[in-house]
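Visitor: I'm new to this one, and I'd rather see one part properly than rush through the whole thing. Could you pick the annotated stretch towards the end and walk me through it slowly?

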Amino acid sequence: MINAGDMNGSGNLMDFLDEPFPDVGTYEDFHTIDWLREKSRDTDRHRKITSKSKESIWEFIKSLLDAWSGWVVMLLIGLLAGTLAGVIDLAVDWMTDLKEGVCLSAFWYSHEQCCWTSNETTFDDRDKCPQWQKWSELLVSQSEGASAYILNYFLYIMWALCFAFLAVSLVRVFAPYACGSGIPEIKTILSGFIIRGYLGKWTLLIKTVTLVLVVSSGLSLGKEGPLVHVACCCGNFFSSLFSKYSKNEGKRREVLSAAAAAGVSVAFGAPIGGVLFSLEEVSYYFPLKTLWRSFFAALVAAFTLRSINPFGNSRLVLFYVEYHTPWYMAELFPFILLGVFGGLWGTLFIRCNIAWCRRRKTTRLGKYPVLEVIVITAITAIIAYPNPYTRRSTSELISELFNDCGALESSQLCDYINDPNMTRPVDDIPDRPAGPGVYTAMWQLALALVFKIVITIFTFGMKIPSGLFIPSMAVGAMAGRMVGIGVEQLAYHHHDWIIFRNWCRPGADCVTPGLYAMVGAAACLGGVTRMTVSLVVIMFELTGGLEYIVPLMAAAVTSKWVADAFGKEGIYEAHIHLNGYPFLDVKDEFTHRTLATDVMRPRRGEAPLSVLTQDSMTVEDVETLIKETDYNGFPVVVSKDSERLIGFAQRRELILAIKNARQRQDGVVSNSIVYFTEEPPELPPNSPHPLKLRRILNLSPFTVTDHTPMETVVDIFRKLGLRQCLVTRSGRLLGIITKKDVLRHMAQMANQDPESIMFN
């Protein structure tokens, strides 16, 4: 039923590719690569290097350099990704604080750095120092009062609008591909699709600069998703320096998979989580060798970021926390409830965001991306400023929500009523009744939660770099902290209830609200992205506490179950389908009882299949066929009468071979016979010189019979990364099935619009 074999007649293909004319073996924009062909080419290249290495010492050294080039690329990716992440973190810290004030001693210092260097700061007022002045103090010499508040409010909005306008203008003018999170496109590229320029140098530069601007503007988005895109741009840049990767699209994708792991490693300070994220969420083809290299790239990236130390706390992320209280079995119930909330939030967000993005695509709204960004930024800044939990950067908010209330905390969330007779170690403060600050914080958090839920729906998908990890975690952390405080107060006031009696005695430190915030953050992120294993490992690496893995696992699994009950797609798969990218998801199941004959082209009533014959067409006939059709390749048959299949010829290689032959071979003219056989056909005397193209012919294309179940065909396309598959009966060609045909058929079977698959 299936005919595999060596894809390209190994020796002949390499002879042809060694000829010094450009672009053979490359692909056009918005086309899918042929994974088997790339694998075959790499095997041939490796065989050639191995045989040459025995000839001389120099060739042996070259073979060693070739073997080590993969590790060198990983080292370079890790170094650059870690450096860029550190620079972005430092710049975001400074520019976020710039909206509120400036450091007089050194304007490039953030608020925290400015007060570090001050000798006049007390512990109680550690955020206040004479070197740091708010804009109202600097401009009108007032720090309190209505006029100072209004001036600070106005300048906060102006800075936010300035940053957002600059970001959207840079993206629009210099690098349109720098917008969005980048993960849907990375997933599509790793599955074998070509999007030229998406991982280019301009995209890298503009995405890095604009990422700083948009995060500093206070919009409800994060830098974590776009950092994966930035790391993949680094991977693409370094792979282009080594011919082993630049000339083989399959090998290049192995590098990009490792680069994605490095991106998550620096985004969350989670090297192992980064490797698992690449494996679970973005990679299509992930051999064991790539796993090791991903681990190395993630390690180097994390080490580089740690050396830069952007947060000054010797940690890789702002919201690293350590808890000292164990969790109890009775707490699994609120943890699972947070998982349910995360699943419902994920479903709500995906449906609303996709509906809004579809509206943006199909209405006049999409024609005014700059205006949309300005309006959303203005609304965000106006509503965010009065509430201290939405005014600060989202990473700082998550950091405060995750924190355990120690004796030295000055946050409103830690405004508990203390027992004056308490003599306890600092890390083991018992549960206490909530003070007025906690109740105020609860109201502010509830308002912030509603605001974040609504504004994130409209923010994600605008024409600026926008990550979703941090806003999703913020939504979950706010909900989790409120639930945690509720459970804590319940346990304090009703410690004689049966559920609390066994583990929460009066004067004990029973409940950690920060842990609930962390579980809620994991649940909401899982609900939106449908990650499970990598999500739990990332959150575990953030906290450094092994004992909290079970609550995180319970919340992540519940969140996925609840969200999957409403729809199987995560946000990235939903955006892939919205944009019409040709992505065959390995997770999707095809259960319909259709056959290859139902999907193949040509259908009944359609024109017959365009084919080449083995020795009866002229150069002009082939050029006319290429000009009149836009197919990626043509089956080669013995003759149009017999239709016995011989092989398959790629369109691009036909064009290049004919062009090269006209330039180099004397006697090749328009009426020269093209032949794909070993021996030239018998021609009458005085005939023009024939053109042999057997070397570009794939002699063993994948074929299935017309009665092969589509379930098997879909599986073949997924697991082998095919571009097309020929349909035969007893060796006679009947039709062809392309990846696009498979995707259209799957959409049709799922009652979706088959024409939504836009690209070839």
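Guide: One thing to keep in mind before we start: UniProt annotations may be inferred rather than shown by experiment, and their positions are given in the numbering used here. The model itself is predicted. The part to look at is residues 600–664 and 697–755, which an unreviewed UniProt entry annotates as "domain: CBS". Take the 600–664 piece for a moment: its end C-alpha atoms lie 39 Å apart, and the span is 37% helix and 23% strand.

The domain assignment gives the chain domain 1 (333–417 + 427–579) and domain 2 (596–750). The centres of domain 1 and domain 2, taken over C-alpha atoms, are 54 Å apart.

Now for the sheets. One of them is open and has four strands, in the order E3-E5-E6-E9, with mixed pairing. At its edges you'll find E3 (612–613) and E9 (697–698), each pairing on one side only. E3 and E5 run parallel, joined by two bridges, and Leu612 has Val636 in E5 as its bridge partner. Next comes the step from E5 to E6, where the strands run antiparallel and five bridges join them. Here Phe634 stands opposite Ala649 in E6. Finally, E6 (residues 645–650) is joined to E9 by two bridges, and this pair is antiparallel. Phe648 finds its bridge partner in E9, at Asn698. Helix H27 (residues 651–664) packs on this sheet, touching E3, E5 (633–637) and E6, and its direction makes about 75° with that of E6.

Stay with E5 a little longer. Five of its five residues are buried, so the strand is largely enclosed by the rest of the structure. Both faces are covered, with Gly633, Pro635 and Val637 on one side and Phe634 and Val636 on the other.

Phe634 turns up again when you look at the nonpolar cores. The largest one has 176 residues, and Phe402, Ile464, Met473, Met539 and Ile737 are those with the most contacts inside it. That core draws at least three residues from each of domain 1 and domain 2. Apart from it lies another core of 21 residues, and Phe634 belongs there, along with residues including Val622, Leu691 and Ile696.

On to a second sheet, an open one made of three strands in the order E10-E11-E12, again with mixed pairing. E10 (703–705) and E12 each have a single partner strand, so one side of each is left without a neighbour in the sheet. On average, neighbouring strands here are turned by 35° against each other, ignoring direction. E10 and E11 (residues 724–729) pair in the parallel sense over three bridges, and the bridge partner of Thr705 is Thr728 in E11. Helix H28 packs on this sheet, touching E10, E11 and E12, and makes about 65° with the direction of E12.

Our last stop is helix H29 (residues 739–749). Eight of its 11 residues are buried, so H29 is largely enclosed by the rest of the structure. Among those buried residues are Lys739, Lys740 and Asp741, as well as Val742 and Leu743. They pack against helix H25 (596–599), H28 (710–720) and strand E12 (732–738). After H29 comes Asn751, which has a positive phi, near 60°.

Notes: Residues numbered from 1 in each chain as written. Predicted model: local features only at pLDDT ≥ 70, side-chain atom pairs only at ≥ 80, totals over all residues. Heavy atoms only, no water. Pairing = 2+ DSSP bridges. Contact = heavy atoms within 4.5 Å. Axes fitted to C-alpha atoms, helices over the stretch in contact; angles between N-to-C directions. Buried < 20%, exposed > 50% of the residue type's maximum accessible area, 1.4 Å probe, protein only. Core = buried A, V, L, I, M, F, W, Y, C linked by side-chain atoms within 4.5 Å. Domains from an automatic or database assignment.
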